[in-house]
Every structure is written in C-alpha cells, then in structure tokens.
Amino acid sequence: MRKMKNMKVVLSALFGLSFSWNVCAQQGDIKDQGYVHKPSTSYEYPIDPAVLQKLDQWRDLKFGVLFHWGLYSVPGTFESWLLCSEEKFIPRRTKIFGDMPYDDFKKWYWGLSESFNPTKFAPEVWADIMKDAGMKYMIFTTKHHDGFCMFDTKETDFSVTKGPFRNNPLKDVTYQVFDAFRQKDFMIGAYFSKPDWHCNDYWSRDRATPTRNVNYDIKLNPDKWKRFQEYTANQINELMTRYGRVDLLWLDGGWVRAPKEDIKMDQIIDKAREYQPGLIAVDRTVPGRNENYQTPELTIPKQQLDYPWESCITLTNHWGWWKDAPYKSAAQVINILTEIVAKGGSLVLGVGPTPEGTIEEEGIRRLKEIGQWLKINGEAIYNTRTTPVYQSENVWFTANKDGKTLYAIYALPDNMELPQEIVWEGNEPAGKMVLLQTGRSVKYRTKDGKVTVTLPKGLKNESLVFKFKQKL
C-alpha cells in the first residue's frame, strides 16, 4: 500500500467537462482570456506522516471558500492580469481602458493602493456567512501577481497596512481574516503568488515587461534573482510565523518553477513546516513533492480520481468583485459540489468581497440557500469517500467511511421540477431507503439492475439525497 501511495500516477487526458459542462458556461470572460491554468498530469503522494494526516482531514471537509480581494477590487476588474502585456490580455485591457498607454496603465493600477480603504470590513461577518453556507475551510489571497500585500510585511511598503487603511485597527486584514475563521473552526489557507510584478527584482523597472515572466536574464543577473528568492522566502516565512495556525499554503503562478525560475521551493516548504507541522503545500500545476493536492480550475475532471484534488470554481463569473456580475444559483453550486465529491474531490468556491470589504447581498442569499441544503443533506457530502459506481445519469453516489452506507444524490437541474420517479442503475439497496429531506422511508423497486424510487408528494423542489445499505 505504501509503495502504491508513493508511485507517480499518470493522469493525462483525464481532465475535462462531463455532466456539469455548464460549470464554466458563465466563465467566458476568464477562460477566453487565458486565465485558466492547466492542471498537472501526474501526482506524487507526500511521505511526511503529519502531512498525510492533515491531508486526510482536509479531504473530509469537501467545501471551502477562496477569497480574491485586493487592488483589482477597487475598480472591479480582472485580478492583476491586465498588467501583463502578453498579446492575449491586450484586447481585454483595450476594451475596458481604451488607448491608455501601457506604462500609464501600470502606474494607474498600482496607484490604486492609495484608494484601497475597506472601511466596512468585518471579518467575523465573513466567517459567519461562510459557516452558514456549510463551508469548512478557507483560502485568502495574501498577495496576487500584482504584488500588493494584504498582510503586514517588512519586505515592501506596497501593502494594505501602508495605505489609507493603515490607521484602522483591522489594517492587517490577513491576520484578521485568519483569526475570525479559526474561531469558527475552519482550516486556514494562505493564497500566495510566487511571481510579484511590482517587485523590482522580478519585473525590473529598467526593462520592458513583455510577458508574465521575470523580465531579465537570470544567468546574467544572479544577484538580482537571489534577492527575489530571499524576498519570496522571507514573505512566506512571515505568513508562517506571525499569523497563527496555517493549514494550507496555496501557491499560484506555476510558471515560477525550476529550472528556469527556481525560487528553491523545497527549502521554503521545509522551513514552513518547521513552524506549521503537517502544512499542506499546494504548489499549483507544479507536479512533485510540493503539490499535495491538485487544483483543476473552473472545471471538473471527466472521471473519478483516487488522489487528493480540488476544483476551484467561482460563485459569479469572476474571481474578484465586479459590479452587477451574474451569480450562479444555489442549485447549480449544489450540483457542482455533488459531482465533485462523487468523483473524489473538494470544491473551493470563489467569492469576491467588495471594495468596502463586504459580501454582496445577492451572494449571501445564494450561500445561505446552499447552507440550508447542506444542513439536511450534508452527511452525503462531508466525511464521505468514493464508491466504484459513482454515477448513473444525473444521480451521483458517495459512501460513508464504513463503505456499507451509500448515498444516492439526485442532482435536480436548475429551474426543473422533480419527477414522480427517480431511476438509476447499479448500487442496489438492501432493506429500507431513507430520503434525507423528510427523514422518512421511501418506496422503491429493483429490476434487472435498475432501481426505481417513487417520490412522495409535497417535496421541496431541490436535489434529493437517498440513504441506504448496499446490497452485497
């Protein structure tokens, strides 16, 4: 078993969209502009027992929140990416900002640091909202690619604690968010961008910035690159030593990796675990020892996978806050979560707070509906594991950890009415079957491997969960 766990598992061609093809139907603004990072094609289990233990605990949680909040929230625009002058981003910048010269745009964007003043920021309210939504872990953007730090760092003055919010007692927003969510028993995750486009030792100011990558020859400028390595290591060290318990270090910007842009990630993670034993490292899209779980973005794998993974999907059609952005319905999110869990993964839902530091009322309403469904049906989601037969049309199956109790989750399509009967193939029940919405037994019959459940009258029109023992 140990040998199997430590094998590299080849996963190419497994990722794509299946039943939930509509997961990303609203994501065109992101996907069309090249914002989606392709997942790794192999996975390697960690060997540290403390990491394996925490990873197993994380796999029980199933549902979390990812907050994108920073300078891009002030005007409500794409997080950091418009700073990049790669060809794919120019039409988007031009559409929004017209013919503003590129250098002027960068000055304007970075100047938003003088406007970021979230006077309505109340982290305990955030925590209450996400707790009520049924979420169990959180990830917060401590720094995106634009380099603006949402924590009190000694490495740069480009920070929320040095701008107009500096005199507010909640100025170190990362500390405040982590603390509020820890008090609600969440696992705590720190999103951190490895590239830093504001740092002179990554994007040198005496050179053009034609791509997302470092803009000078590292071999010809080893001292400059060494300073950037130390800058990155020092900032991660600050997050690991001054912000209490951190369970996940969620690293973005997968192009910063050995051998071309080596920041010595092995040493950084080893050092971090001296302060945070069992820390789950998520070095996104960089297969190997520091990608303890994978993160398919805005998509769901085609097939069930037996290693740790998490789909990161947005509640609106953007990661950060945009004015009047359309929201996914609660039913859509519930069905997305159901498919992901049946396939062995977890869902982290992207939520973008407003410039003032609040969660929009429309978002709160959707999240509350999701939480109400999970209060009744959550035992089919939390602490579950996969079962070999995991799908029959739009019925998804999960299993209790004992492997004997199964859950059949009928994913009701959005804006559809419940049928009179629900039919699936495989996973035949033995004995009574209970509908979690009512807590009562339901009538069913089996024939030729098909299970037909007759629904009682008066049910709430939503996805349904049936609990039963599996026929041996």
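At what angle do the axes of helix H10 and helix H11 cross? Let's find out by clicking through the structure, keeping in mind that this is a predicted model.

**Stop 1: H10 and H11**

Select residues 330-342 for helix H10 and 361-377 for helix H11. Their axes cross at roughly 50° and come within 9 Å. An angle from 35 to under 65 degrees counts as oblique, so H10 and H11 are oblique to each other. The crossing of this pair is right-handed.

Now show the side chains where the two helices touch. On H10, pick Ala-330, Val-333, Ile-334, Leu-337 and Thr-338. On H11, pick Arg-366, Glu-369, Ile-370, Trp-373 and Leu-374. Colour them by class and you get seven nonpolar, one polar and two charged residues in the contact of H10 with H11.

**Stop 2: H8 and H9**

Next, select helix H8 at residues 222-242 and helix H9 at residues 265-275. Here the axes come within 9 Å and cross at roughly 20°. Angles under 35 degrees count as roughly parallel, and that is why H8 and H9 are described as roughly parallel to each other. H8 passes H9 in a right-handed crossing.

Which residues make the contact between H8 and H9? From H8, light up Thr-232, Ala-233, Ile-236, Asn-237, Met-240 and Thr-241. From H9, add Ile-268, Lys-271, Ala-272 and Tyr-275. By class, the contact of H8 with H9 holds six nonpolar residues, three polar ones and one charged.

**Stop 3: E6 and E7**

Time for some strands. Select residues 248-252 for strand E6 and residues 280-283 for strand E7. The two run parallel, joined by four bridges. Zoom in on Leu-248, and you'll find Ile-280 of E7 standing opposite.

Is E7 covered or open on its two faces? Both faces are covered. Ile-280 and Val-282 are buried on one side, and Ala-281 and Asp-283 are buried on the other.

**Stop 4: a three-stranded sheet**

Finally, head to the open sheet with the order E13-E17-E16, where the pairing is antiparallel. Select 421-425 for strand E13 and 443-447 for strand E16: these are the edge strands, each pairing on one side only. Tilt the view to follow the twist, which averages 20° from one strand to the next.

Add strand E17, residues 450-454, and look at how E17 meets E16: the two pair in the antiparallel sense over five bridges. To end the tour, click Lys-443 and then Thr-454, its bridge partner in E17.

Key
Residues numbered from 1 in each chain as written. Predicted model: local features only at pLDDT ≥ 70, side-chain atom pairs only at ≥ 80, totals over all residues. Heavy atoms only, no water. Axes fitted to C-alpha atoms, helices over the stretch in contact; angles between N-to-C directions. Parallel < 35°, antiparallel > 145°, perpendicular 65-115°, else oblique. Left-handed = near helix turned anticlockwise from the far one by under 90°. Contact = heavy atoms within 4.5 Å. Nonpolar A, V, L, I, M, F, W, Y, C, P; charged D, E, K, R; others polar. Pairing = 2+ DSSP bridges. Buried < 20%, exposed > 50% of the residue type's maximum accessible area, 1.4 Å probe, protein only.
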